[in-house]
Amino acid sequence: MPESTGTPPEELFRRSLRLLLEKDIDGWVGLWAEDGVMEFPFAPPGRPGRPDGRAAVAAYMADYPDHIDLHDFPELRIHRTTDPGTVVVEMRGVGTLVAGGDPFDMGYIAVVTVRDGLFTSYRDYWNPLAVPPSLAQSVPGAGGAR
């Protein structure tokens, strides 16, 4: 397997979290390869399960800050794998729901692959049973329909 060049996956992932906290969705999307794929294996029926390509990822994430004001990603653990371009990430995203001011707290496990310093694959194993009802229809990364 060829070794990745560019930014190591751990560093790119941490940078992506900083951009999300800064609400810089354009910057976050800029970390993706043109053919990068985001997958949600546990997406309920009728919800997007696979934005395919940078443009689809951008459309999926475009109004994320309008729904969730992220404050932190505590308990971040990044695990290396035998593939130098792939990491497994455990984390929580915490913040506030913009619409009503209620707290947001979601656990995530992601399998992330980076090639040439860009995301090429991001499988996000969020729990659809933990989605607050007010977000269930509208928010990416929380099972929302788009």
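How exposed is Glu-75, in terms of its relative accessible area? Glu-75 is partly exposed, with a relative accessible area of 45%. The model here is a predicted one, and Glu-75 is a good place to start a walk through its backbone, its core and its strands.

**Positive phi outside glycine**

Most residues other than glycine have a negative phi. Glu-75 departs from that pattern: its phi is positive, at about 60°. Its place in the chain is the loop between β2 and β3 (77-80). Lys-23 also has a positive phi without being a glycine, in this case near 60°. Lys-23 belongs to the loop that links α1 and α2, and with a relative accessible area of 35% it counts as partly exposed.

Two further positive phi values turn up in hairpins. Asp-116 sits in the turn of the β5 and β6 hairpin, with a phi of about 50°. Gly-101, in the hairpin of β4 and β5, has a phi near 80°.

**The nonpolar core**

Let us now move inside. The largest nonpolar core is made up of 34 residues, and Phe-13 and Trp-28 have the most contacts within it. Helices α1 (9-21), α2 (25-29) and α3 (54-61) each give two or more residues to this core, as do the strands β1 (32-39), β2 (68-72), β4 (86-97), β5 (103-115) and β6 (118-124). The top contributor is β5, with six residues.

What does Phe-13 touch, leaving aside residues up to four places away in sequence? Its partners are Leu-76, Ile-78, Val-89, Met-91, Val-112, Phe-119 and Tyr-122. Two of these partners, Val-112 and Tyr-122, return below as a pair standing opposite each other in the β5 and β6 pairing.

**Strands and hairpins**

Strand β5 pairs with β4 through 11 bridges and with β6 through six bridges. Both pairings are antiparallel, and the table sets them side by side.

| Strands | Bridges | Opposite residues | Residues between strands | Positive phi |
|---|---|---|---|---|
| β4 and β5 | 11 bridges | Arg-92 and Gly-107 | five residues | Gly-101, near 80° |
| β5 and β6 | six bridges | Val-112 and Tyr-122 | two residues | Asp-116, about 50° |

Strand β5 thus appears in several parts of this account: it gives the most residues to the core, it is joined to β4 by 11 bridges, and it forms a hairpin with β6. On the β4 side, Gly-107 of β5 faces Arg-92. On the β6 side, Val-112 faces Tyr-122, and Phe-13 touches both of these residues.

Note on methods. Residues numbered from 1 in each chain as written. Predicted model: local features only at pLDDT ≥ 70, side-chain atom pairs only at ≥ 80, totals over all residues. Heavy atoms only, no water. Core = buried A, V, L, I, M, F, W, Y, C linked by side-chain atoms within 4.5 Å. Buried < 20%, exposed > 50% of the residue type's maximum accessible area, 1.4 Å probe, protein only. Helix = DSSP H or I, 4+ residues; strand = E, 2+ residues; numbered from the N terminus. Contact = heavy atoms within 4.5 Å. Pairing = 2+ DSSP bridges.
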